[in-house]
Amino acid sequence: MTATAFLQYCLAGISIGGIYALIAIGYTMVYGILRLINFAHGDIFMMAAYFMIFAMVDFALPWYVSIIIVLAATVILGVVIERVAYKPLRTAPRMSIMISAIGVSYLLQNLATYLFSALPKGYPKIEFLTKSITLGSISTSVVTFITPILTLVFVFLLLQLINHTKIGMAMRAVSKDFETSQLMGIKINRVISFTFVIGCFLAATGSILYFTPRPSVYPLVGSLPGLKCFIAAVFGGIGSIPGAMLGGFVIGLSETFIKAAGYSEFSDVFTFILLIVVLLFKPTGLFGEKITEKV
Amino acid sequence: MTEQKKHKLSILLSIFGVVVLAAALFGVYATTSSSDMLRTVLQLGAIYALVAVSMNLLNGFTGLFSLGQAGFMALGAYVFAIFTIPTAQRPGVYYLYGVADWLANIELPIIPALILAGLICALMAAIIGAPVLRLKSDYFAIATLGFAEIVRIVVGSSPMNRITNGSLGLKLIPKFPSFFFPFIVVGICIFIVWLLINSSYGRAFKAIREDEIAAEAMGINLAKHKQMSFIISSFFGGIGGALMAMYMGAITSTTFNVTLTYNILLIVVIGGMGSLTGSILSSFIVIAAREWWLRFLDQPLWIAGVQIPLFKTGFRMVVFSIILMIVVLFFRKGIMGTKEFNWNFILKRLDQKEKAPVGGEGNE
């Protein structure tokens with residue numbers, strides 16, 4: 001492998017890793033607060049892609065308006081899902097709420113098949129993002145280049161929000177102890193909705209960045225990236241935002257290099273093996289907090 | 001009526017019930033043609049019943065939330081298919097890559113192949129169970145889901161071409177030898193699970209589900225019982241997968257994706273986590289609804305010359321998933337909760353009749 005090729009793969013890996021990181025943050029934040037694996041998150045990511053097709057192809061809106069519409073629609077979808085499918089189960093056993101999440105994922109996939117048909121649909125081209133640029137010896141598209149930068153910016157902003165604002169403090173309190181924070185006067189439902197707003201906003205951003213260089217969208221497209229991003233979140237320690245980011249980059253990079261080595265069939269196998277290995281040796285992930293078991 | 005008499009009577013009633021069901025099945029066989037929807041639904045329902053029961057054993061009775069069912073089904077289906085496709089037709093099936101040399105002349109009859117499929121799944125469960133079962137609830141779920149995906153990808157990958165035919169999948173898998181075959185196999189398997197649930201092992205499983213720490217304090221060996229539940233569940237999952245392969249006649253690795261696990265999980269939830277009869281009942285209802293009763297939703301509907309816009313391909317699955325969500329949200333216990341079907345409602349009535357003063361008898 002030449003140095004140029006190596007750099008090329010590195011950039012591609014970091015770029016896809018950045019997208020995984022954006023989605024993984026959604027998983028990790030929801031898990032941190034609700035202790036729920038939001039199985040529907042990958043499908044929200046898929047729905048965001050269809051919203052884009054709707055806005056740009058069916059309504060022929062310019063890209064900057066479309067992006068705003070996609071972000072808004074995805075956030076609304078996420079908050080509605082939380083209100084309808086998760087909120088009634090606040091006091092239910094954890095298994096029930098997880099089953100509800102699986103049900104939502106199933107519903108979204110079937111809904112997408114019904115509304116947009118199971119056939120792949122072309123994703124609109126955003127001229128300014130698909131332009132190719134050359135950096136030294138490597139040539140790439142704008143989107144590949146700005147993805148990791150955008151990811152870092154979002155993670156930085158999110159950390160500022162969580163560590164230095166009132167709602168961020170409320171979020172930290174809720175993730176530490178659900179019931180006590182309720183007793184302290186924190187409006188739990190608002191905090192949870194806000195978590196979903198952030199998660200879905202990032203998923204929508206990730207969706208735009210993910211699909212722009214890819215040709216098509218189909219209803220099951222979200223399930224595998226969804227799983228991978230969850231693994232990224234577990235790898236970094238679920239509940240930790242820098243952890244999710246790191247996990248996303250690690251999975252993106254290793255996937256790209258496995259594909260480059262000619263084992264593209266097994267890139268997903270590697271991700272799942274990574275998951276099982278991490279769970280066995282460090283179940284709380286790299287930056288996760290240790291949980292003690294109480295009777 | 002004494003307890004003993006009640007017990008005897010309920011066994012008699014159960015035998016009677018099985019006979020009635022068998023007669024009904026025979027009636028269906030005698031009165032319908034081989035392509036009838038009712039036959040399809042009953043066969044597929046029976047297969048799903050077995051898989052749902054095996055999942056329920058793990059998720060509902062032992063409280064281990066596993067999402068690996070599709071992986072074990074894939075393993076079972078492939079093991080079964082590899083050993084039962086007639087040797088004469090193998091060159092045709094493996095037309096692109098050729099069949100592996102050691103495999104070319106091995107052909108097993110159906111029953112031993114079914115058992116082999118189950119055993120290999122059980123072995124796999126034993127291997128991955130030891131590490132994976134140490135994980136807590138949702139981590140266990142995601143690890144088993146990961147395992148299922150690994151199985152699916154490996155089975156369909158190119159290094160396995162000469163064994164599993166890679167991404168092309170396998171076809172010409174022997175069909176059911178008779179209409180009754182799946183019902184007999186499923187019946188026997190579920191009966192074994194029922195015996196297990198009502199044994200001391202079954203009670204230990206339920207104790208683990210209710211409270212792991214308390215169960216351990218009562219002297220239940222957690223690791224051993226979890227492992228056992230996992231292995232047995234996988235064994236029957238494998239047999240279910242093999243039956244599925246027989247039913248379909250052709251399989252590819254994409255048949256056994258995550259959606260299949262979700263389908264089975266939702267059947268278990270609708271039937272009631274922790275109820276065998278609930279799982280069986282809901283399998284038939286869900287399959288009949290999905291494959292048969294709700295079919296009309298996919299057809300364009302015309303009322304008085306106006307086409308109702310909602311009805312088109314895919315609407316059936318949307319309605320179906322909304323029904324599922326309603327069950328999950330508002331009827332969390334499902335059809336049966338953790339109760340089992342029993343004959344008490346008849347026995348009670350008999351009891352009352354006996355107790356009611358019977359004119360004349362005591363007065364003379």
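Okay, so helix 6 and helix 9 of chain A run roughly antiparallel to each other. Keep in mind that this is a predicted model. How do we get to that label? Two packed helices are described by the angle between their axes and the distance between the axes. Here, helix 6 covers residues 142–164 and helix 9 covers residues 188–211, and the two pack at an angle of about 170 degrees. Angles over 145 degrees count as roughly antiparallel, so this pair gets that name. Their axes are 11 Å apart.

Which residues of helix 6 of chain A meet helix 9 of chain A? From helix 6 you have Val143(A), Thr147(A), Leu150(A), Phe154(A), Leu158(A) and Leu161(A). Facing them from helix 9 are Phe194(A), Ile198(A), Phe201(A), Leu202(A), Thr205(A) and Leu209(A). Sort that contact by class and you get 10 nonpolar residues, two polar ones and no charged ones.

Let's hop over to chain B for another helix pair. Helix 2 of chain B and helix 11 of chain B, which is residues 222–248, have axes that come within 7 Å and cross at roughly 165 degrees. Again, that makes helix 2 of chain B roughly antiparallel to helix 11 of chain B. The crossing of these two helices is left-handed. The list of residues in this contact is long to read out, so let me pick some: helix 2 of chain B brings, among others, Thr40(B), Gln43(B), Tyr48(B), Ser54(B), Met55(B), Leu57(B) and Leu58(B). Helix 11 of chain B brings residues including Ser229(B), Phe230(B), Ser233(B), Gly237(B), Gly240(B) and Tyr247(B). How many charged residues are in the contact of helix 2 of chain B with helix 11 of chain B? There are no charged ones; the contact has 15 nonpolar and seven polar residues.

Now zoom in on Ser233(B), which sits in helix 11 of chain B. Is Ser233(B) buried or exposed? Its relative accessibility is 1%, so Ser233(B) counts as buried. Setting aside residues up to four places away in sequence, Ser233(B) touches Ser54(B), Met55(B), Leu57(B), Leu58(B) and Gln69(B).

Next stop, Thr62(B). You'll find Thr62(B) in the loop between helix 2 (37–61) and helix 3 (69–84) of chain B. Thr62(B) has 2% relative accessibility, so this residue counts as buried too. What joins the side chains of Thr62(B) and Ser229(B)? A polar contact of 2.7 Å. And Ser229(B) is one of the helix 11 residues that I named a moment ago. Apart from neighbours within four places in sequence, Thr62(B) is also in contact with Leu57(B), Phe205(B), Ile208(B) and Arg209(B).

Staying on chain B, here's Thr164(B), in helix 7, residues 161–164. Thr164(B) is buried, with a relative accessible area of 2%. Beyond residues up to four places away in sequence, Thr164(B) touches Tyr78(B), Ile82(B), Tyr94(B), Val155(B), Gly169(B) and Leu170(B).

Then there's Trp343(B), in the loop between helix 14 (315–330) and helix 15 (344–355) of chain B. Why does Trp343(B) count as buried? The cut-off is under 20% relative accessible area, and Trp343(B) has 18%, so it counts as buried. How far apart are the C-alpha atoms of Trp343(B) and His7(B)? They are separated by 9.8 Å, and along the chain these residues are 336 residues apart. Not counting residues up to four places away in sequence, Trp343(B) touches Ser10(B), Leu13(B) and Ser14(B).

Back to chain A for the last few. Gly285(A) comes in the segment after helix 12 (267–281) of chain A. With 1% relative accessibility, Gly285(A) counts as buried. Its contacts, outside residues up to four places away in sequence, are Val234(A), Phe235(A), Gly236(A), Gly237(A) and Val278(A).

Finally, a look at backbone angles. Ala60(A) isn't a glycine, but its phi is positive, near 50 degrees. Ala60(A) lies in the loop between helix 2 (41–58) and helix 3 (63–86) of chain A, and this residue is exposed, at 60% relative accessible area. Ser117(A) isn't a glycine either, and its phi is positive at about 65 degrees. Look for Ser117(A) in the loop between helix 4 (94–116) and strand 1 (121–122) of chain A. Ser117(A) is partly exposed, with a relative accessible area of 31%.

Technical notes:
Residues are numbered from 1 along each chain as its sequence is written. Chains are lettered from A and ligands numbered from 1 in the order in which they are written. This is a predicted model: local features need pLDDT of at least 70, side-chain atom pairs count only at pLDDT 80 or more; totals for chains, interfaces and linings use all residues. Side-chain values use heavy atoms; hydrogens and water are left out. Axes are lines fitted to C-alpha atoms, for helices over the stretch in contact, and angles run from 0 to 180 degrees between N-to-C directions. Helices (H or I, at least four residues) and strands (E, at least two) are DSSP runs, numbered from the N terminus. Angles under 35 degrees count as roughly parallel, over 145 as roughly antiparallel, 65 to 115 as roughly perpendicular and the rest as oblique. Contact means heavy atoms within 4.5 Å. Ala, Val, Leu, Ile, Met, Phe, Trp, Tyr, Cys and Pro count as nonpolar, Asp, Glu, Lys and Arg as charged, and the others, Gly among them, as polar. Buried means under 20% relative accessible area, exposed over 50%, partly exposed in between (1.4 Å probe, protein chains only). A polar contact is a pair of N or O atoms within 3.5 Å; within protein, one must be able to donate a hydrogen and the other to accept it, and residues adjacent in sequence count only if both atoms are side-chain atoms. A crossing is left-handed if the near helix is turned anticlockwise from the far one by less than a right angle, and right-handed if clockwise.
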